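Student: Could we go through this model together, asking at each step what a given label rests on?

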Amino acid sequence: MQPKSVNFSRTTITELMIPSYANFGGKIHGGILLSLMDKVAYACASKHAGSYVVTVTVEGVQFLQPINVGELVSLHASVNYVGRTSMVIGIRVVSENVRTGEQKHTNTSYFTMVAKDDTGKPTEVPALLLETPDDARRFLEAIKRKELKNAYAGEFDNEKSRLKVEESRELLTKERCVVGF
Ligand SMILES: CC(C)(COP(=O)(O)OP(=O)(O)OC[C@H]1O[C@@H](n2cnc3c(N)ncnc32)[C@H](O)[C@@H]1OP(=O)(O)O)[C@@H](O)C(=O)NCCC(=O)NCCS
C-alpha cells in the first residue's frame, strides 16, 4: 500500500479560551482541554484513515501549566504511529497570551484511535510516510510506549491480585489516611 502524503498526517486546531471554559479563578477546566484534544485527534486520524475513527485510549495527560481565559490555545496533532487499524496521534498543546505573544507548552498527550468501516468494524489504515528522522523517532517511541504499557499492565494486574488489605495495614500507617475499620 502506498503511504499517504504526510500532509494528511498533521492537523492543528486553534481556539480562544472564553469565560465559560473557566473556573471562578479564570483558569480553564481540564475537561475543556481534553475535549479539544479529542477533537483534534479525531480530525487528524480520520483525515489519515479516510474513514471515521473512535478514541480507544488516552495517555500522558498532564497539565503542566494553567491556561487563562483570553489565551489562544493551539493543538498540534500528528499521526505518530499506525498499526493495522489503529493510529497513535501525538498532540502538543501550546497556549499563547495574545497581548504579549508569550507562548507556553501546556501538555503533550497520545491518543490511540481506531478506524471503523461503515458497519462499525475496525478497518485497515494507510501506512505512514516517515519523511524525517523525527518522524521515525516518534514512530519508534510509540512502539516502545506500547510495549512498556503492556508490560506495566501485566505487572500491575499481578500486584493487584496479590494485594491483601489486612497484610498491608502497616503500609497505610505511613500514609495520610485514617483507617476506620
Ligand atoms: C477499541 C475497539 C475498536 C476494539 O475493537 P475490537 O473488535 O476488539 O478490535 P481489535 O481487537 O481488532 O482491535 C482493533 C485495534 O484496536 C487496538 N486496541 C484495542 N484495544 C486497545 C487498547 N486498550 N489500547 C490500545 N489499542 C487497542 C488493537 O491493538 C487493534 O489495533 P491494530 O489493528 O492496529 O493492531 C472497540 O472496543 C471499540 O469500538 N470501543 C469503543 C470505542 C469508542 O466508542 N470510543 C469513544 C468513547 S465514548
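Tutor: Let us begin with one pair of residues: T57 stands opposite T112 in β5. Please keep in mind throughout that this is a predicted model.

Student: What makes β2 and β5 a pair of strands?

Tutor: Two strands count as paired if at least two bridges are found between them. Seven bridges join β2 to β5, and the two run antiparallel, so they meet that cut-off and are called paired.

Student: How do you know that β4 and β5 pair as well, and what lies between them?

Tutor: Here 11 bridges join β4, residues 86-96, to β5 in the antiparallel sense, and since at least two are required, the pairing follows. V94 stands opposite H105 in β5. The hairpin of these strands has six residues between them, and G101 takes a positive phi near 80 degrees there.

Student: What makes β3 a partner of β4?

Tutor: Strand β3, residues 72-82, pairs with β4 over 10 bridges, again antiparallel, and V82 stands opposite M87 in β4. Helix α1, residues 30-49, packs on the sheet and touches β1, β2, β3, β4 and β5, with its direction at about 45 degrees to that of β3. Helix α2, residues 133-162, also packs on the sheet, touching β3, β4 and β5, and its direction makes about 75 degrees with that of β3.

Student: Why are β1 and β2 called edge strands?

Tutor: The five strands form an open sheet in the order β1-β3-β4-β5-β2, with antiparallel pairing. Each of the two edge strands, β1 (10-16) and β2, pairs on one side only. From one strand to the next, the twist averages 30 degrees.

Student: Which residues surround the ligand?

Tutor: The ligand is surrounded by V54, T55, V56, T57, G83, R84, T85, S86, T112, V114 and P122. The elements that give two or more residues to this shell are β2 (52-59) and β5 (103-116), and β2 gives the most, with four residues.

Student: What makes up that shell by residue class?

Tutor: The shell divides into four nonpolar residues, six polar and one charged. Gly is counted among the polar residues in this scheme, so G83 of the shell is classed as polar.

Student: Why is L172 called exposed?

Tutor: L172, in helix α3 (residues 169-173), has 12 C-beta neighbours inside 10 Å. A residue is exposed if that count is 12 or fewer, and therefore L172 counts as exposed. Leaving aside its neighbours within four places in sequence, L172 is in contact with C177 and V179.

Terms used
Residues are numbered from 1 along each chain as its sequence is written. This is a predicted model: local features need pLDDT of at least 70, side-chain atom pairs count only at pLDDT 80 or more; totals for chains, interfaces and linings use all residues. A residue is near a molecule or strand if its C-beta atom, placed from the backbone, lies within 6 Å of it. A residue is buried if 20 or more other C-beta atoms lie within 10 Å of its own, exposed if 12 or fewer, and partly exposed in between; C-beta atoms are placed from the backbone. Two residues are in contact if their C-beta atoms, placed from the backbone, lie within 7 Å. Axes are lines fitted to C-alpha atoms, for helices over the stretch in contact, and angles run from 0 to 180 degrees between N-to-C directions.
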